[in-house]
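Please look over the sequence and the structure below before reading on. The text that follows is meant to be read beside them.

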Amino acid sequence: MADPDLFGRCMADARGALSAFEAYFKCLADIERINFSIFYDSLDRGRFLVGLWTTVKLSVICLVASVAIGVVGAWLQGSRFALTRRIVQGYIQFFRNTPPLVQLAFFYFAVGAVLPRVPDGGQMVPIVGSFGWAVIAFSFFAGAFNVEIFRAGIQAVPRATVEAAEALGYSRLRAYGHIVLPLAFRISLPALNNNLVNLIKTTTLAYAIAVPEMLYAAAQIWSEVLNVREMMNVLLVTYVALVGLLVWVMGRWERAMRIPGYSA
Amino acid sequence: MLKSMMKLAIGAFALLGPAAAAQAQDTLAKIKEKGVIVVGVKNDYRPWGFLDPSGKIVGMEIDLVNDLAARLGVKVEMIPVIAANRMEFLNQGRIDMILATMGDTADRRKVVGMVEPNYYAGGTNVLAPKSANLKQWTDIKGKKVCAVQGAYYNRRVGQLYSPELVVFPAVPDALNALLGGNCVAFLFDDTLIGSTLASGDAKWKDYEMPLASEDPQLWAIGVRLADLNGPFGEFVKKASTEWHKSGKLIELEKKWGIKSSPYLKATHEKLKGS
C-alpha cells in the first residue's frame, strides 16, 4: 500500500457517488494504478456483461447444433448410398482441413457479400448477420469433428449387438436410435467433451467479424481505458470459469449415464 | 535435482533484475550499440504506412523513420502494429518507438511519452456510399457504422451521435464489411478516407466523404515514458523540430498526395524563424 491514509481519504470521497465495492476499485485504479474499470464504471461493466452473455449464447447454440450435426452426420456415414457417404466425407474434409478463422472470414466477407439483402431500419443489410455467420461456421466446424468422434463410438459397439437388433426386427433407423447411439454416445463422451471445450474457446474468433462477444468487449474496454493487463486477467478467469462449468456439467451427465457393469 | 534447479532459477532472476533496470534508462545507447532501431509502423494505412506491390512497407511515416535512422547511422527494423497493440509493444520493449498514425490524447500520455512538436494533425469523418444520403453527423444515429478497434474517436462519436458501432480489428476488415453492406458508413480519420477515395480504385466510385471533418487531433511519435526526457526523447524532439523548420513535412505531404494540412503550414511558419 502506498499510503493507507491516502487510500482511506480516496474511499471517503468516492463513497458519496459509488457503493463500497465500486469505490474500492476506483481507488485501487487511481492510487495503486491497478485498473479494474469493469467494477466501478457502469458503461464498461455493461459492455463486458453484454459480451459475456453473447459468448454464452454463442457457445450454447453452437454446442447443441454441432452435437446435432454430429449425430446426423454419423448416421448418414453408414448409409447404403455411396453419394450420401461421399457428401458427408466432403463436408468433413472441408471443415476439418481449414482453419476456423479462415472459414469465418470466408463466410462473412465473401459469401455474405453475394447474398440477397433485406431492409433493416432504413438500410439494406445482408440476410445473415455476423452472429448468424459465427453460429453457422462454428457449428459446422465442430460438427465435422463430432461426426468422426461419433463414428469412433459407433464402431466400438459390438457387431454382435447390432446383428441381434436386426434379428429382433429393428429397422436401421430405429436400431440407430434405440441401440447403437446410446452405447456409442457413452463411449464417445470423453472425446466429445474435449471438442466442446475447444468450441467454447474457439468462439473468441468471432471477434474478427465484430460479433460483440467477450474478447471484443474486453478489447474495446482496454483500447479506451488502457488496462490490458487487468482485462486479460478478467478474461482468463472468466473463460476458466465458463469451461469449468461445462466440464462439470458434462462430468455429472457422464456419471448419470453410466451403465453399471458395461464399461470398466 | 529440483533444489539445484530452483537455485539456478533464483540466481538467474537476481542477475536479470538490475540488468533490466539499467536497460530502461538508455534506449539511445542501446540502439547505437545494436545498430538497429526497431519502430512500430502501420502497414495498412495508405499513404502513411502501407504495403507496395512488392510487399515492402512504404509511406510518409516510413520516410520519417528512415530519416531518423540515417541521423543515427543505424539500420531500421519495422514491426507492423495496429491501434490496439502499439502502446503495449512499446512498453514491453518489443519496439523502441511508435510512428504509426497515433493520436495524441491526455489518457494516452499517461501510458506513452508523446514527442512534441507533433508531426501531423488529422480529423474524423466517415466513408459512406452516395446512396446512403448522409448529410450531417446526426444522420448516423441508430445506423450500423463500421469502425476500427482502439481508435480514439470511437467513444466520442458513439456518445455524441449514438450510431451502432461495429468494431473490427483492422482497417481492411472494416472496409470489406462496408463493401459487403454490413454497415452504412465507415468511421475513420479523414486522411485515410481521402486517400482511399483518391486512389481511383473502381470499387470506391460510388462512395464519398460527406460529413464535415470534426475533432482535429494531433498525431505524435511515441516513446517510452522513461525515455521522453532522456537522450532518446531529446533526439526525436530535435529531429521533429527540424522537420517542421525545414519544411520537410510539407514536402513529404506533397510527395505522398496528402491533402494539405493547415496544422503543418501554421507550425512551419511558427518555427521557421527560430
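The paragraphs below start with chain B as a whole, go on to its domains and one of its helix pairs, and end with chain A and the contact between the chains.

The model is predicted. In chain B the secondary structure amounts to twelve helices and 14 strands. Measured out along the principal axes, its C-alpha atoms occupy a box of roughly 70 × 55 × 40 Å. Chain B has 274 residues, of which 39% count as buried. If contacts in chain B are restricted to residues at least 6 apart in sequence, 68% of them join residues at least 24 apart.

Chain B is split into two domains. Domain 1 takes in 31–119 and 220–272, while domain 2 covers 123–216. Over C-alpha atoms, the centre of domain 1 of chain B and that of domain 2 of chain B are separated by 25 Å. The two domains touch: twelve residues of domain 1 of chain B are in contact with 15 residues of domain 2 of chain B. On the domain 1 side of this contact, the residues fall into six nonpolar, three polar and three charged.

One helix pair in chain B can be followed in detail. Helix 10 of chain B packs against helix 12 of chain B, residues 262–272, at an angle of about 95°, and their axes lie 7 Å apart. The two helices are therefore roughly perpendicular to each other, since angles of 65 to 115 degrees are counted that way. Helix 10 of chain B brings Thr241(B), His244(B) and Lys245(B) to the contact, and helix 12 of chain B brings Thr267(B), His268(B), Leu271(B) and Lys272(B). By class, this contact has one nonpolar, four polar and two charged residues.

Helix 10 of chain B, residues 231–246, also holds Trp243(B). Is Trp243(B) buried or exposed? Trp243(B) has 23 C-beta neighbours inside 10 Å and therefore counts as buried, the cut-off being 20 or more. Apart from neighbours within four places in sequence, Trp243(B) is in contact with Tyr119(B), Lys248(B) and Leu249(B). From Trp243(B) to His268(B) the C-alpha to C-alpha distance is 8.7 Å, with their positions 25 residues apart in sequence. His268(B) belongs to the helix 12 side of the contact described above.

Chain A offers another helix pair. Helix 4 of chain A, residues 42–77, and helix 9 of chain A, residues 172–202, pack with their axes 11 Å apart and at an angle of about 140°. That angle makes helix 4 of chain A oblique to helix 9 of chain A. The crossing of these two helices is right-handed. From helix 4 of chain A the contact draws on Ser59(A), Cys62(A), Leu63(A), Ser66(A), Val71(A) and Trp75(A); from helix 9 of chain A it draws on Tyr176(A), Leu181(A), Leu196(A), Leu199(A) and Ile200(A). Nine of the residues in this contact are nonpolar, two are polar and none is charged.

The last step is the contact between the chains. How many residues of chain A are in contact with chain B? There are 18 on chain A, and they meet 21 residues of chain B. Helix 6 (100–114), strand 2 (123–126) and helix 10 (214–225) of chain A each provide at least two residues of the side that touches chain B. That side of chain A has eleven nonpolar, five polar and two charged residues.

Terms used. Residues are numbered from 1 along each chain as its sequence is written. Chains are lettered from A and ligands numbered from 1 in the order in which they are written. This is a predicted model: local features need pLDDT of at least 70, side-chain atom pairs count only at pLDDT 80 or more; totals for chains, interfaces and linings use all residues. Two residues are in contact if their C-beta atoms, placed from the backbone, lie within 7 Å. Helices (H or I, at least four residues) and strands (E, at least two) are DSSP runs, numbered from the N terminus. Ala, Val, Leu, Ile, Met, Phe, Trp, Tyr, Cys and Pro count as nonpolar, Asp, Glu, Lys and Arg as charged, and the others, Gly among them, as polar. Axes are lines fitted to C-alpha atoms, for helices over the stretch in contact, and angles run from 0 to 180 degrees between N-to-C directions. Angles under 35 degrees count as roughly parallel, over 145 as roughly antiparallel, 65 to 115 as roughly perpendicular and the rest as oblique. A crossing is left-handed if the near helix is turned anticlockwise from the far one by less than a right angle, and right-handed if clockwise. A residue is buried if 20 or more other C-beta atoms lie within 10 Å of its own, exposed if 12 or fewer, and partly exposed in between; C-beta atoms are placed from the backbone. Domain bounds come from an automatic or database domain assignment.
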